[in-house]
Amino acid sequence: MSRTGGVAGMSRTTLRVLVLTVALGAITLVLMPLAHPLMVRSALPVSVPWWTLAPAYLAVSLLPIYYETRGEARSVSLTQVALAIGLVFVSPWHLLLARVVAGTVFALPIRRQSPTKAAFNITNCAFEVATAATIAGLF
């Protein structure tokens with residue numbers, strides 16, 4: 001059990017999560033300017049607006065695939081499919097916007113997560129996009 005005593009009576013665990021959330025957010029903001037689009041939008045035969053990816057992210061988050069192997073139940077979310085589509089057809093900043101909008105809708109009104117948990121999960125979504133866009137832009 002965590003003791004209170006941090007900032008404004010927060011538990012140490014909550015304070016650690018908030019520090020990690022701020023660190024992930026800072027790393028995301030450092031990585032995003034390094035991310036470059038994979039393709040020039042005018043050269044693509046298909047245009048995908050960023051706002052169509054937000055419902056796609058939300059749908060794959062709401063509909064995970066459940067299976068059982070060796071007596072253990074597992075689940076898989078297909079958010080990487082939406083991420084891969086976004087990396088090719090959308091600018092990195094628009095992809096980040098779509099992921100954060102979907103993550104916010106999923107965390108707050110649907111899952112009703114606490115503010116600390118929602119902030120961490122949304123920041124983690126942003127970090128995922130920033131990392132993928134930066135690495136994909138290197139190739």
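Colleague: How many cavities of 30 Å³ or more does the structure hold?

Modeller: One. Bear in mind that this is a predicted model. The largest cavity comes to about 50 Å³ in volume.

Colleague: Which residues line the largest cavity?

Modeller: His36, Pro37, Leu38, Gly86, Leu87, Val90, Ser91, Pro92, Leu95, Ala133 and Ala136. Helix 3 (79–89), helix 4 and helix 5 are the elements that give two or more residues to that lining.

Colleague: And what's the mix of nonpolar, polar and charged residues in that lining?

Modeller: Eight nonpolar, three polar and no charged.

Colleague: OK, now pockets. What's the volume of the largest pocket?

Modeller: About 370 Å³. Its lining has 18 residues, and Ser61, Arg99, Phe106, Arg111 and Cys125 lie nearest the centre.

Colleague: Which helices each supply at least two residues of the pocket lining?

Modeller: Helix 4 (92–110) and helix 5 (115–137) each do that. By type, the lining of the largest pocket splits into seven nonpolar, eight polar and three charged residues.

Colleague: Arg99 caught my eye. What does Arg99 form a salt bridge with?

Modeller: Glu128, and the closest N and O atoms of the two are 3.6 Å apart. Arg99 sits in helix 4 and Glu128 in helix 5, so this pair ties together parts that are 29 residues apart in sequence.

Colleague: Is Arg99 buried or exposed?

Modeller: Buried, because its relative accessible area is 6%, and the cut-off for buried is under 20%. Its partner Glu128 is partly exposed, at 25%.

Colleague: How many salt bridges does the count come to?

Modeller: Two. Besides the Arg99 pair, Arg74 forms a salt bridge with Glu72, with 3.7 Å between the closest N and O atoms. Here Arg74 is partly exposed, with a relative accessible area of 39%, and Glu72 is partly exposed too, at 46%.

Colleague: Remind me why side chains like that pair up at all?

Modeller: Side chains of opposite charge can pair when their charged atoms come close.

Colleague: Let's zoom out. What does the secondary structure of the chain come to?

Modeller: Five helices and two strands. Starting at the N terminus, the elements run α-α-β-β-α-α-α.

Colleague: In what sense do strand 1 and strand 2 pair?

Modeller: Antiparallel, over five bridges, with strand 1 covering residues 65–69 and strand 2 residues 72–76. If you want a pair to look for, Tyr66 stands opposite Ser75 in strand 2.

Colleague: How many residues are there between the strands in that hairpin?

Modeller: Two, and in this hairpin Arg70 takes a positive phi near 55°. Arg70 has that positive phi although it is not a glycine. Its place is in the loop between strand 1 and strand 2.

Colleague: Why would you flag a positive phi?

Modeller: Because most residues other than glycine have a negative phi.

Colleague: Fair enough. Is Arg70 buried or exposed?

Modeller: Arg70 counts as exposed, at 84% relative accessibility.

Colleague: And what about the phi of Arg112?

Modeller: Arg112 has a positive phi of about 55°, again without being a glycine. You'll find Arg112 in the loop between helix 4 and helix 5. With 71% relative accessibility, Arg112 counts as exposed.

Colleague: Switching to prolines. Where does Pro55 lie?

Modeller: In helix 2, which spans residues 50–62. Pro55 counts as partly exposed, with 47% relative accessibility.

Colleague: How far apart are Pro55 and Val105 in space?

Modeller: 9.8 Å, C-alpha to C-alpha, while in sequence the two are 50 residues apart.

Colleague: What share of the contacts comes from residues 24 or more positions apart?

Modeller: 70% of the contacts in the chain with a separation of 6 or more.

Colleague: Last one: what percentage of the residues count as buried?

Modeller: 31% of the 139 residues of the chain. Arg99, from the salt bridge with Glu128, is one of the buried ones.

Note on methods
Residues are numbered from 1 along each chain as its sequence is written. This is a predicted model: local features need pLDDT of at least 70, side-chain atom pairs count only at pLDDT 80 or more; totals for chains, interfaces and linings use all residues. Side-chain values use heavy atoms; hydrogens and water are left out. On a 1 Å grid over the protein atoms alone, a cavity is a set of points where a 1.4 Å probe fits but cannot get out, and a pocket is an open set with protein on both sides within 12 Å along at least five of seven lines; lining residues have an atom within 4 Å of a point. Grid points are joined across faces, edges and corners, and a volume is the space filled by probe spheres set on the points. Helices (H or I, at least four residues) and strands (E, at least two) are DSSP runs, numbered from the N terminus. Ala, Val, Leu, Ile, Met, Phe, Trp, Tyr, Cys and Pro count as nonpolar, Asp, Glu, Lys and Arg as charged, and the others, Gly among them, as polar. A salt bridge is a side-chain nitrogen of Lys or Arg within 4 Å of a carboxyl oxygen of Asp or Glu. Buried means under 20% relative accessible area, exposed over 50%, partly exposed in between (1.4 Å probe, protein chains only). Two strands pair if DSSP finds at least two bridges between them. Contact means heavy atoms within 4.5 Å.
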